[in-house]
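Let's take a walk through this model together. Please have the structure open as you read.

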Amino acid sequence: MTGATVLIVDDEHTLARSAQAFLADHGYETEVASTGEKALELLASVQPDVVFADVRLPGMSGIDLLKRIREFDPVLPVVMVTAYGTIEGAVEAVKLGAFDYVKKPVDLEELKLLAERARADRLLKQELSYYRQRATRDVGFAGMIGASPAIRAVLERARQIAVLDETPPVLLTGETGTGKGLLAHAIHASGPRAMRPFIEVNCTALPATLMEAELFGHERGAFTDAKESKPGLVEAAEGGFLFLDEIGDVDLSVQGKLLRAIEERTVRRVGSVRERKVDLRIIAATNRDLEREVRRERFRNDLYFRLAVIVLPVPPLRERGEDVLQLAEHFLGLCNAKYGKAVREISAPARELLVAYPWPGNVRELSHVIERAVLWSRGAVLDVAHLSLTSPLGAESTDQAVPAASDGPAVEPGAAAIAPALPPQGVDLGQWERSIIERAMREAGGNQTKAAQRLGISRDTLRYRLKKFGLVG
Ligand SMILES: Nc1ncnc2c1ncn2[C@@H]1O[C@H](COP(=O)(O)OP(=O)(O)OP(=O)(O)O)[C@@H](O)[C@H]1O
Ligand SMILES: [Mg+2]
């Protein structure tokens, strides 16, 4: 087990130093404090995984030190070191929550084994508390709504990846609001590392220098504000997952270090010469076209290739057909509970509109639209008016609705009623058009002639547009 930090509290310098040297040889970081008072001062900066404390110390006793530690850290393992004649003290300490005790003269091998056991025990306790927290949240694939072939294909692959303990990094791509964050959590929550940390880093939020220190940690004095040494988020993710959200926004200077961390599985804190081994899985997400970023020399080629081994493209909501209705009902339930409302049903025209709308903000936008609608609705039925979306559809009944291209000249009678009011934030005409064409194709069972008829355009025009929107191979 490497990378653990041990704090030795003993006024007997020779013993402390030999223990320190021995543990350092076995991959431990060690700090020594000669009194209980000094140990308490060091706790915050050193953040030890294990404390060895002599029972008999000048000033504050080892037992008192244990009590003080327990006041603010209920799980930090403290091992008592006892000389001849203080064994009763050690036994008392164990009753007070010490992890164990060890007798002087200390067998260094025994010390090391105890450090390992203590650390494993702490991890277990942390996992348990994490697991309890997690159990109350809705994570895992069960929380991902959708049955369309497009989403099922992605979830299927995600499940395959999730069950493995080790995989290359996973890259989630897709437009904003498609559920990349949710999927990352699901992969973590349903795999063997579920009880290990899931550390999320928003790569957009920080400038390069801060980002580097955040990710890799720093040593005391590495820069002006670095009063204490601190492990980075990569180290914090030990054993679990590091989720790099918006990876496309990582500064070029940090990208190189990130690649190194992924390839070598080591990190070096800023201002340190020591390489620390890390064991973690990486999920990255982006709504940018990374290949294009590579061409523009804003993203490192080598990092891209490292990340692009397993890519899960999360489809936009407009390509998920009726999932939108399932999701709408899901959010309806959540909002009813949240606001104490009883909106039980979505009217047929509202459903129609939900399916036809192109959802540029994807699932997130849908959840906001439903939330607003629930807030506004008074009755049990959610209707078009509550949705405050503009309709690309005719005001006819579902099975006869005629989708009209937004710039289409040949609008059929009745469909003129669509004349959508333009919302203040504007619309994306291209996306409206695309969604209408997709819908016409779907309803025509893929028959281009029929779809063209329904859209009031020629077959050639339709084909041209299918190509333009990448809807044909
Ligand atoms: N399939 C789904 N089922 C249920 N809820 C979903 C689904 N997909 C997304 N959501 C919800 O929609 C919202 C947006 O999802 P999320 O934040 O994961 O998107 P994202 O792809 O990470 O977006 P961005 O690129 O903007 O960060 C969240 O509240 C999430 O819980
Ligand atoms: Mg996200």
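## Who surrounds the ligand

This is a predicted model, and the ligand site is a good place to begin. The shell around ligand 1 is made up of five nonpolar, nine polar and two charged residues. That shell holds 16 residues, and the closest are Thr 176, Gly 179, Lys 180, Gly 181 and Val 363.

Two helices are worth picking out here: α7 (180-189) and α15 (362-376) each contribute at least two residues to the shell around ligand 1. On the scale of domains, ligand 1 lies between domain 2 (149-315) and domain 3 (320-391), because both of them give residues to its shell.

## How confident the prediction is

Across the protein chain, pLDDT averages 84, and 88% of the residues reach at least 70. Strand β6 (residues 170-173) has the highest confidence, at 97, whereas helix α5 (residues 108-135) has the lowest, with a mean of 75.

Do take note of residues 391-420, where pLDDT stays under 50. For this stretch the model has 61 contacts beyond four places in sequence.

## The sheet β2-β1-β3-β4-β5

Now turn to an open sheet of five strands, whose order is β2-β1-β3-β4-β5 and whose pairing is parallel. Its edge strands, β2 (29-33) and β5 (100-103), each pair on one side only. From one strand to the next, the twist averages 20°.

At the β5 edge, strand β4 (residues 78-82) pairs with β5 in the parallel sense, over four bridges. You can find Thr 82 there, with Lys 103 in β5 as its bridge partner.

Two helices pack on this sheet. Helix α1 (residues 13-25) touches β1 (5-9) and β2, and its direction makes about 170° with that of β2. Helix α2 (residues 36-46) touches β1, β2 and β3 (50-54), and the direction of α2 makes about 170° with that of β1.

## The sheet β7-β10-β13-β6-β14

A further open sheet of five strands has parallel pairing and the order β7-β10-β13-β6-β14. The edges belong to β7 (198-202) and β14 (310-313); each has a single partner strand, so one side of each is left without a neighbour in the sheet. On average, and with direction ignored, neighbouring strands of this sheet are turned by 20° against each other.

Inside the sheet, β10 and strand β13 (residues 281-286) run parallel and are joined by five bridges. Leu 242 stands opposite Ile 282 in β13. Helix α7, already met as a supplier of residues to the shell around ligand 1, lies across β6, β7, β10 and β13, and runs at about 165° to β13.

## Two backbone details to look up

Most residues other than glycine have a negative phi, and most peptide bonds are trans. With that background, which peptide bond is cis? The bond from Lys 104 to Pro 105 is cis, with omega near -5°. Pro 105 sits in the loop between β5 and α5, so to speak just past the edge strand β5 (100-103).The other detail concerns Glu 246, a residue other than glycine whose phi is positive, near 60°. Glu 246 is found in the loop between β10 (241-245) and α10 (252-264).

Conventions. Residues numbered from 1 in each chain as written. Chains lettered and ligands numbered in written order. Predicted model: local features only at pLDDT ≥ 70, side-chain atom pairs only at ≥ 80, totals over all residues. Near = placed C-beta within 6 Å. Nonpolar A, V, L, I, M, F, W, Y, C, P; charged D, E, K, R; others polar. Domains from an automatic or database assignment. pLDDT = per-residue confidence, 0-100. Contact = placed C-beta atoms within 7 Å. Pairing = 2+ DSSP bridges. Axes fitted to C-alpha atoms, helices over the stretch in contact; angles between N-to-C directions.
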